[in-house]
Amino acid sequence: ALESTKASELDLEKGLEMRKWVLSGILASEETYLSHLEALLLPMKPLKAAATTSQPVLTSQQIETNFFKVPELYEIHKEFYDGLFPHVQQWSHQQRVGDLFLFTDLLLCTKLKKQSGGKTQQYDCKWYIPLTDLSFQMVDELEA
């Protein structure tokens, strides 16, 4: 029985390390994505200012097309990164991060809308679950 308990503790520890490793990878990917979005944000302001002059580099419509929703994407992903970072830094078996993924996708659904032929369409939510359908089990209930 003692060996079984030690084995299950080792499995739990291994699972926790794997979860932290996966989330650390997601965090690193988000960091890279944010730096690329920041690089896109840098030329936006001067290009927008130049668009109102007599000889614009790009028209306002071209800027909107080329930088479609970049500020909104940056804001959403920065919020996701800022939410995930402390969870990964202070990792424990009690950390839960699923809500961050659901909330981020919900933000994408509400803030980003696809434009096609002048009509607004809802963003394709990949993780959307109606809040009324969510149910949570306490850790004690899972172990019983």
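**Exercise 1.** Find which residues His77 touches, not counting residues up to four places away in sequence.

*Solution.* Step 1: apply the contact criterion, heavy atoms within 4.5 Å. Step 2: list the partners of His77, which are Glu30, Tyr33 and Leu34. Step 3: note the setting. This is a predicted model, in which local features need pLDDT of at least 70, side-chain atom pairs count only at pLDDT 80 or more, and totals for chains, interfaces and linings use all residues. Residues are numbered from 1 along each chain as its sequence is written, and side-chain values use heavy atoms, with hydrogens and water left out.

**Exercise 2.** State whether His77 is buried or exposed, and describe its polar contact with Glu30.

*Solution.* Step 1: locate His77 in helix α3 (residues 70–89); helices are DSSP runs of H or I with at least four residues, numbered from the N terminus. Step 2: take the classes: buried is under 20% relative accessible area, exposed over 50%, partly exposed in between (1.4 Å probe, protein chains only). Step 3: His77 is buried because its relative accessibility is 12%. Step 4: the side chains of His77 and Glu30 are joined by a polar contact of 2.8 Å. A polar contact is a pair of N or O atoms within 3.5 Å; within protein, one must be able to donate a hydrogen and the other to accept it, and residues adjacent in sequence count only if both atoms are side-chain atoms.

**Exercise 3.** Classify Ala28 by its accessibility.

*Solution.* Step 1: Ala28 lies in helix α1 (residues 2–51). Step 2: its relative accessible area is 42%, so Ala28 is partly exposed.

Key. Helices (H or I, at least four residues) and strands (E, at least two) are DSSP runs, numbered from the N terminus.
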